[in-house]
Amino acid sequence: DDGYRLWLKYDRIQNTTISATYSKSFNFIALSGNSDILNNAVKELQTGLTAMLGKPIPIVKTPVINQGGIILTISANGASGDGYSIQMQSGNTVITASKDAGVLYGSFALLRHLQQHLPVEKVVVQSSPKIQLRMLNHWDNPEGPIERGYAGSSLWKWYELPETVDPRYTDYARANASIGINGTVVNNVNASARFLTAEYVHKVAALAGVFRKFGIKTYLSIHFAAPKTLGGLKTSDPLDPEVRKWWIEKTKEIYSIIPDFGGFLVKANSEGEPGPQDYGRTHADGANMLAEALAPFNGVVIWRAFVYKADPNADRFKAAYDEFATLDGKFAKNVIVQVKNGPIDFQPREPFSPLFGNMPRTPLGMEFQLTQEYLGFATHWVYEAPIFKECLDADTYVKGKGSTVATIVDGSLHNYRLTCMAGVANTGSDRNWTGNPMAQANWYAFGRLAWDHTLSPEAIAREWTQLTLTTEPKHVSAISDIMLRSRDIYVDYNTPLGLSRPWTGSHYAPEPWQNRSSRPDWTAIYYHRADSLGLGFDRTATGSNALLQYRPEVSRTWLNAETCPLPYLLWFHHIPWSQKLSSGRNLWDELCHRFYTGADSVLWMQKQWAGVASSIDPAIHSDVTGRLAKQYNEAIWWRDAWVLYLQTFSKKPIPAIYPKPEKTLEEVKKRVNVYLMR
Ligand code: BDP
């Protein structure tokens, strides 16, 4: 198995009892209506059932009562929006929705149910997505490489498009539709203006032509200075009438080529990208200019809140809130502000961004990162659903207890008109899509949570495992166990107790000693603040006071080092090396404990994985075995780098129960350099 089929495997059901029961229930597929999306629903059901049951499933015009079949219907009484219902009626399984896409989602839900070998009667369900725009953000560049992509190059073969349309685009769209994703931004947020040229819009249109047949809209990231760089204007000032006109004309042109175009994603005045502030204007001025151009076509502007200035005295943690909270209510109706889950930048563990809850009059979208930029690329096995869920479940208290981030993002707390959840894609041209086959689960989990954020990481892990790897119950449990613990294990050897950003430019290798860069907030020491007294970033009133950006109910527990949960301790406090923590150990010993047990736990992952070999495809099994071996080796690297480096400040011995690192700090540093030269 090369992993290409993802979770849409449809392997023949070997259990004869289950196969016989299913065979009785599924003898035909009846479709009333005709559209590309509906036809794709039928095609998927036919392909899936034929493969799983090993018998042909005819498509009929008129359903036969009591013969056991699937009926697909569009009805105004169907579930709202993109939702669907599945019912049993007169011996048939009836999938109803008010929109074609709903029928497609219902068909995939039925297939998912059968792939897990669950009883047919139990498939009865009514389900509607909690978020309207469920999107992937591709950070793909026109030349092919993907910014922070670890699974080969871009899926989009720009040089071949629009004439040649790779069939893989269809499989990409199927995979997305199967988990409810209905939007895709095809290019990097650090956007090349080239995507706005007619030549490229036609290429994008060819992709959109494939995606729309699966209910997916296509979006573009735009380069804010395009009026100047592409249009030859003197300025890109959002209040300049010529500039506004340029965007109106450009948008019209795009819609004339892609009639169902979704809209623009914008990274502006962030990490060197141009933006409205270059002209003394605000983010709202910039977003509203684009909103004006998109409004006649019902397009949306997704404006990112990922901003931070190169100010040596500022706390980067506070930047997005400081720049955006005051703009609440100033954005046009078709603007969504997209916020990363945490205040810094997709770290292995972050508190939720304090912007959530603080812009009640501006729809806030969620941005998660699926690609493992800070999670060991395609080597380390990290299941991300716990990261997503931790943020979604966090209580902001903005309207009292229960004001979770999820209720903000799904629009229920502040009655947002638009709702959006985006995942920075982890796909690439690798045959198995995500490099590490286990990373497919992160794409899967994102889609499932964007549809329904109440699902548990455990339920999703089990579901994905059954669809993708094995239905053998003991092995499903063993694999979900690895998945559910994987994130904490990674955090323990990588950034325990609330450490963050100990990276080099590659964002892969440990370099907590890194102290030189063009900006202070691009060094590692800016974040951990290790000194002879202790470790951690003081964000209380004696420090940057970033905790003031949260409601008192939230900050109360975090403000006090005694009550602050250990996973967030060093996010908010500078803790003396000898201070006793709630675990009973002092800071130094607790750090050693985490680094060592984290690295050791990778041995546990290896053992668990070895134990499921009998039910996993050998190619996938050995691929993951190799990656885990490397992960263990690198976990030791992380552990040693941190312990030896921090020891230069703490001046304390590594507790005797742990083996001493085999290398010196200097040797570990050299390994980093060797790594970077690769
Ligand atoms: C950072 C990435 C950088 C992205 C940036 C962003 O390192 O490549 O361009 O996020 O989200 O984490 O814009």
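**What the cut-offs say about this model**

Mentor: Let's start at the ligand: E147, R148, V189, N190, K267, F306, D345, F346 and E373 surround it. The model is predicted, so local features need pLDDT of at least 70 and side-chain atom pairs pLDDT 80 or more, while totals for chains, interfaces and linings use all residues. Residues are numbered from 1 along each chain as its sequence is written.

Trainee: What makes a residue part of the group around the ligand?

Mentor: Its C-beta atom, placed from the backbone, has to lie within 6 Å of the molecule.

Trainee: How does that shell divide into nonpolar, polar and charged residues?

Mentor: Three are nonpolar, one is polar and five are charged. Here Ala, Val, Leu, Ile, Met, Phe, Trp, Tyr, Cys and Pro count as nonpolar, Asp, Glu, Lys and Arg as charged, and the others, Gly among them, as polar.

Trainee: Why is D11 called partly exposed?

Mentor: A residue is buried with 20 or more other C-beta atoms within 10 Å of its own, exposed with 12 or fewer, and partly exposed in between. D11 has 13 such neighbours, so it counts as partly exposed. D11 sits in the segment before α1 (16-25), and its C-alpha atom is 6.3 Å from that of A51, 40 residues away along the chain.

Trainee: How do you know that the length of helix α8 agrees with its residue count?

Mentor: Helices are DSSP runs of H or I with at least four residues, and strands are E runs of at least two, numbered from the N terminus. The expected span is 1.5 Å times one less than the number of residues. For the 12 residues of α8 (283-294) that gives 16 Å, and the end C-alpha atoms are 17 Å apart, so the two agree.

Trainee: Why is α8 described as largely enclosed?

Mentor: Because 10 of its 12 residues are buried; among them are H283, M289 and L290. Their cover includes α7 (241-257), β10 (263-266) and β11 (300-304).

Trainee: What makes a nonpolar core?

Mentor: It is a set of buried Ala, Val, Leu, Ile, Met, Phe, Trp, Tyr and Cys residues joined through C-beta atoms within 7 Å. The largest one has 208 residues, and V266, L290, V301 and V337 have the most contacts inside it. Helix α19 (618-650) gives the most to this core, 12 residues.

Trainee: Which residues is V266 in contact with, beyond its neighbours within four places in sequence?

Mentor: Contact means C-beta atoms, placed from the backbone, within 7 Å. On that basis V266 touches I222, F224, L290, V301, I302, W303 and R304.

Definitions and conventions
Contact = placed C-beta atoms within 7 Å.
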